[in-house]
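Student: I have not looked at this protein before, and I would like to be led through it step by step. Could we take it question by question?

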Amino acid sequence: MPNQTLKVFVTRRLPEPVETRLAELFDVTLSDSDQPISPDALAQAMKTADVIVPTLGDRIDSRMLGQAGEQLKLIANYGAGFDHIDVATARQRGIAVSNTPGVLTDDTADMTMALILSVPRRLKEGAGMMASGDWHGWSPMALMGHRIGGKRLGILGMGRIGQAVARRALAFGLQVHYHNRRRLHTETEQALGARYWDSLDQMLARVDILSINAPHTPATFHLINARRLKLMKPTAYIINTARGEIVDENALTRALRSGDIAGAGLDVYEHGHAVNPRLKELPNVLLLPHMGSATEEGRLEMGEKVIINIKTFADGHRPPDLVVP
Ligand code: DGY
């Protein structure tokens, strides 16, 4: 049932079918820009809209929530991660927050695997050689990387995406190790062939590849710092498709430059798109522009989730993907 009296404000362009459906169902204000909205414009919208649909670039902090109008009742985030929203304050103010989990799990795990396969095998250097015309034929010693099969993969954060990475890793012959707030059920561990480490430090000292798949929370901020990077093998690689803030980016840059670790594949950065320029210079570092969930299918499904969350809420029920602070 359309609920065209519900005022829904979308902060930036979304895939067209998602915008069309939102417009059919609600009194929606869409954006005509693919750039993040300014904090002032967002704060202004929060004074009149019943529902806000932000994305990960929109910081919604306690100050902004404090200025929101009484009518604002739902923040239906277009994205799984919600570390840009002060969920605890939203809850205190009676504003529900929902997200879009599940539908980007496989796409993000695929991208993680792509980096796991690309960095030790030096794809960036090989592609660069082809692009610059510097390849003069096969050679026995050119661009030797490291074999993936048989190596130890440590997964930091064994939620949906971590487990999807583990399933893929198993098929490539990697030995899966993991560290997580909670240990998985024995059957799940067995199915994934995964070994649990209560101590992150101990796991880091043993793995050949570290894949970060945890959410960004106060507890995971800078979990990978200078001290922990020193625990890792100098032959180890770090892959991060989760959130940049989990890694101290300056410490990582120093470790990569000094050879304390062998390489990195990153899709996310500590300071958004302001990537440390020194990282860009390194041949053993493959950088991607936060594209882990960027498939047409995934982005449409994220939109469908947003719509279901708003619609359920409008019908007076609990949105299926309500985030609990
Ligand atoms: C999310 O939804 O949190 C992802 O990081 C977007 O790719």
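The exchange below goes from confidence to domains, then to the ligand and to two backbone angles.

Student: What is the mean pLDDT of the protein?
Tutor: This is a predicted model, so the confidence values are a sensible place to begin, since where pLDDT is low, the predicted coordinates should not be read in detail. Here 98% of the residues reach 70 or more, and the mean pLDDT of the protein is 96.

Student: In which element is confidence lowest?
Tutor: At the upper end is strand 9 (residues 209-212), with a mean of 99. At the other end, with a mean of 88, confidence is lowest in strand 1 (residues 3-10).

Student: How many Å separate the centres of domain 1 and domain 2?
Tutor: The protein is divided into domain 1, made of residues 3-103 + 295-314, and domain 2, residues 105-287. The contact takes 6 residues from domain 1 and 7 residues from domain 2, and the side of domain 1 that touches domain 2 has 1 nonpolar, 4 polar and 1 charged residue. Taken over C-alpha atoms, the separation of the two centres is 32 Å.

Student: Which residues does UniProt list for the D-isomer specific 2-hydroxyacid dehydrogenase NAD-binding domain?
Tutor: The record is an unreviewed entry, and the span it names is 35% helix and 16% strand, with its end C-alpha atoms 10 Å apart. For this feature UniProt gives residues 113-292.

Student: How many charged residues are in the shell around the ligand?
Tutor: The ligand is surrounded by L56, G79, A80, G81, L104, G292 and S293. This shell divides into 3 nonpolar and 4 polar residues, and the number of charged ones is none.

Student: Is R122 buried or exposed?
Tutor: R122 is found in the loop between helix 5 (105-118) and helix 6 (123-132), and it has a positive phi of about 60 degrees although it is not a glycine. Because 20 other C-beta atoms lie within 10 Å, which is the count at which a residue is classed this way, R122 is buried.

Student: And L143, is that residue buried or exposed?
Tutor: L143 is also a residue other than glycine with a positive phi, near 50 degrees, and its place is in the loop between helix 6 and strand 6 (152-156). Because it has 12 other C-beta atoms within 10 Å, and 12 or fewer is the cut-off, L143 is exposed.

Note on methods. Residues are numbered from 1 along each chain as its sequence is written. This is a predicted model: local features need pLDDT of at least 70, side-chain atom pairs count only at pLDDT 80 or more; totals for chains, interfaces and linings use all residues. A residue is near a molecule or strand if its C-beta atom, placed from the backbone, lies within 6 Å of it. Ala, Val, Leu, Ile, Met, Phe, Trp, Tyr, Cys and Pro count as nonpolar, Asp, Glu, Lys and Arg as charged, and the others, Gly among them, as polar. Domain bounds come from an automatic or database domain assignment. Two residues are in contact if their C-beta atoms, placed from the backbone, lie within 7 Å. pLDDT is the predictor's confidence in each residue, from 0 to 100. Helices (H or I, at least four residues) and strands (E, at least two) are DSSP runs, numbered from the N terminus. UniProt positions are given in the numbering used here, feature names are shortened, and annotations may be inferred rather than shown by experiment.
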